[in-house]
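Hi,

Here is the structure I said I would pass on. Have a look at it first, then read my notes underneath.

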Amino acid sequence: MVFALVGNQNSGKTTLFNQLTGSNQHVGNFPGVTVERKDGVIRGQKDATVVDLPGIYSLSPYTSEEIVTREFILKHHPDGIINIVDAMNIERNLYLSMQLIELGVPMVIALNMMDEMRSNGGTVKISQLSEELGVPVVPISAAKNEGIDELIARAIKTAERKQLPKRQDFCSGAVHRTIHSIAHLVEDHAERIGFPMRFVATKLVEGDAPIEEALHLSDNEKDMIGHSITEMERELGTDKKAALADMRYSFIDKLCADCVVKPKESREHIRSVHIDNVLTNKYLAIPVFLLIMLIIFWLTFGVIGSFLSDLLARGIDAVTGVVSAGLTAYGINPVVHSLIIDGAFAGVGSVLSFIPTIVVLFFFLSLLEDSGYMARVAFVMDKLLRKIGLSGRSFVPMLIGFGCSVPAIMATRTLSSERDRRMTIMLTPFMSCSAKLPIYGMFTMAFFPKYRALVMIGLYVLGMIIGIIVGLVLKKTAFRGNPVPFVMELPNYRLPSPKSVCLLLWDKAKDFLTRAFTIIFVATLIIWFFQTFDFRFNVVQNSADSMLAGIGRFISPIFAPLGFADWRASTALITGFSAKEAVISTFAVLTGASTANLPQALASIFTPLAASAFLVFTLLYTPCVAAISAVKREMNSGKAAALVAVFQSVVAWLVACGVYQIGALFIH
Amino acid sequence: MKTLNQMRIGKKARIVAVGGEGALRDRLLDMGLTPHTQVMIRKVAPMGDPIELMLRGYELTLRVDDAKNIVVEED
């Protein structure tokens, strides 16, 4: 038995899903889009699964979230719908319920936040509400785990008995007549493709193009439909879409007047307004936001993250040491020893070092998201991002990019539109990640000792400028079309639920680990292989003879226009694909220099101008394999991930070439 | 008659008509900005755009350009 969980954003849907399924969840994507699909077995009901559909406000055909929800219900025919409705915001939530009822699927309404409703002195006449809507209504509090067992029992019973909504007609007058005449007209078509007739008729009145197309109407039928709609519009003196919205809200207003005693102004809302007096204050909003982000970065990359990373690194070193000693004592072949220690252990170790950062960062991110602060950040920052065709929602993921691209790309999951999600993923790598700092540090020490800070700031700013330019170009080309309207609810501030936070952390860590031991692991092994052998598959004594160095030599002419055709530079850039930290260590290995005299060694490879071009190239070229695999996961396409890697490298080459060539003009 | 973006903060008004077209207009109607609904501007973002309004017991943010399409009548 399959249930679809449908509801508005901020209605407590994820909390309810977690209560229904516990940790028994499977996370994936809907086919073809990057909309997250979660499903899980309902607790105590091993034959019943529930699919968590994206949070939406209407069944209109615009966003991929709405389309995914519609298609799931129309084409996969779930046995029942569990519609979560926020009692504190009942009018807008019921607007979606009225459209769901038209789908002709057994349905139960889970009326959430009833604890908040009652504690603020409000009441809902549950049985009357249920009677008038024609579907069972179960009061619950997802956060407090109240009413969940009743909800499960009710949902199963409704689905088992195939108990359809008792009522679908909520209107009168012209709208009523038009829906009926159209329903009559398209009855056969709807039946043929297995779509519910009432839903089809209402959507046709609203002018829903995908439904119209799916029905294969004759021109004559289209004319007749158009005619009845024009009639209705003339009679009501308004247009079709407004007429239907008005019909639904009029019914809801009357229903709520009869069944709901609203609390005056809830304590939660008053508290929210007080908090917002500071957090979205005209003068304080931006400084407070920057302060919060600074603290999060400091804790993630400075205090907690580095503590955990050190601990992990020490653990890995200890295990590696023991295994290495064991293998040596056993007298194993040195190549196998190298494969296990330098290949597998080093590869896995470098990948595992991401885990503390990801977990700590997502801990803070989920606090920001679940508390309702993320919506405020979008409100405050929207104007800045609008010019490149994004909304304020993309601000935080991009900012995280300055720490690490991997969690930044993973954080785009919370964006409410697929278009924004894709575009944000493409722009995030332009924010210079913290793993590139050692490269900047070493190079500025070697070439610009007097202007180190200035050069570093310059690089960060350049990354942002290029990101903005790319954003403007993308907006005009690949992401033309209309952006999803920025009409966003600002929910009341809430305390995040520990259970939801823990599940999210577990989910993100698991997600990353799965990739770490597949794509990323394989990639590091390949690089180890190229580093260890020469083209005759002999183990190299001198790293200059390795296949990697050979490939470096082969591609080095590409970098001639950038001023650094040296094979050591190109080899270092290749190893940088496994992790940016590897760039400097590769230089050290290939030049045979110690950390102390690496600056002199670099000075023998690069002129200061070529060094600048090299810095610009490392700033912009393909993100590391961990980030690329995150792109693959979030864009749900290996092709898109490869495209990002190539695209970034091309942009990097062009900009670095520009820097070198223009610089050369000035120097001569 | 005014448009929503011209309203002063804290003043209540009723929606007369929602103009514009396409996905944006449909979204506004879906979110409950239907004629006769009472709205109030609660706040303007620090950079002057977007705005935050209160309607049907919840808070909604929309851009000034989009608010220009909404005709209101002050109470």
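Below is what I found in it, going from chain A as a whole to the parts that caught my eye.

One thing up front: this is a predicted model, so please read everything here as computed from that model.

**Chain A overall**

Chain A has 668 residues, and 46% of them count as buried. Its secondary structure comes to 29 helices and ten strands. If you need a box for it, the C-alpha trace spans about 85 × 55 × 55 Å along its principal axes. I also looked at contacts in chain A with a sequence separation of 6 or more: 70% of those are between residues 24 or more positions apart.

To give you a feel for distances, take A:A153 and A:R386. They sit 233 residues apart in sequence, and their C-alpha atoms are 47 Å apart in space. A:A153 belongs to helix α6 of chain A, which covers residues 148–160. It counts as partly exposed because it has 13 C-beta neighbours inside 10 Å, and the buried class needs 20 or more.

**Where A meets B**

The contact between the chains draws 29 residues from chain A and 29 residues from chain B. On the chain A side, the elements that each supply at least two residues are α3 (90–101), α11 (240–259), α13 (285–330), α16 (373–386) and β10 (488–489). Of these, α11(A) gives the largest share, with five residues. By type, the chain A side splits into 15 nonpolar, five polar and nine charged residues.

There is also strand pairing across the two chains. β10(A) runs antiparallel to β5 of chain B (residues 58–62), and two bridges join them. If you want to find the spot in your viewer, go to A:E489, whose bridge partner in β5(B) is B:L60.

That pairing is part of a bigger arrangement, an open sheet of seven strands with antiparallel pairing. The order is β10(A)-β5(B)-β4(B)-β3(B)-β2(B)-β6(B)-β1(B). At the edges are β10 of chain A and β1 (2–3) of chain B, each of which pairs on one side only. Further into the sheet, β2 of chain B (residues 12–18) and β6 of chain B (residues 70–74) run antiparallel and are joined by five bridges. B:R14 stands opposite B:E73 in β6(B).

**A helix pair in chain A**

α13(A), listed above for its part in the contact with chain B, also packs against α15 of chain A (residues 354–371): the axes come within 8 Å and cross at roughly 145 degrees. The crossing is right-handed. From α13(A), the residues making the contact are A:I296, A:L299, A:T300, A:I304, A:G305, A:L308, A:S309 and A:L312. From α15(A), they are A:P356, A:T357, A:V360, A:L361 and A:F364. The contact holds nine nonpolar residues, four polar and no charged.

**A covered helix**

α24 of chain A (residues 567–575) is mostly covered, with eight of its nine residues buried. Those eight are A:W567, A:R568, A:A569, A:S570, A:T571, A:A572, A:L573 and A:T575. The cover includes α22 (498–532), α23 (547–555), α25 (582–591), α26 (598–605) and α27 (608–620) of chain A.

**The annotated positions**

The UniProt record, an unreviewed entry, puts a "binding site" feature at A:N18 and A:T21. The same label from an unreviewed UniProt entry covers A:G22. So which of these are buried, and which partly exposed?

- A:N18 lies in helix α1 of chain A. It is buried, with 22 other C-beta atoms within 10 Å. Leaving out neighbours within four places in sequence, A:N18 is in contact with A:K499, A:S500 and A:L503.
- A:T21 is found in α1 of chain A too. It is buried because 21 other C-beta atoms lie within 10 Å, and 20 or more is the cut-off. Not counting residues up to four places away in sequence, A:T21 touches A:G40, A:V41, A:I42, A:R43 and A:V50.
- A:G22 sits in the loop between α1 (13–21) and β2 (25–29) of chain A. It is partly exposed, with 14 other C-beta atoms within 10 Å.

Cheers

How values were computed:
Residues numbered from 1 in each chain as written. Chains lettered and ligands numbered in written order. Predicted model: local features only at pLDDT ≥ 70, side-chain atom pairs only at ≥ 80, totals over all residues. Contact = placed C-beta atoms within 7 Å. Helix = DSSP H or I, 4+ residues; strand = E, 2+ residues; numbered from the N terminus. Nonpolar A, V, L, I, M, F, W, Y, C, P; charged D, E, K, R; others polar. Pairing = 2+ DSSP bridges. UniProt positions renumbered as here; feature names shortened; annotations may be inferred. Buried ≥ 20, exposed ≤ 12 C-beta atoms within 10 Å, placed from the backbone. Axes fitted to C-alpha atoms, helices over the stretch in contact; angles between N-to-C directions. Left-handed = near helix turned anticlockwise from the far one by under 90°.
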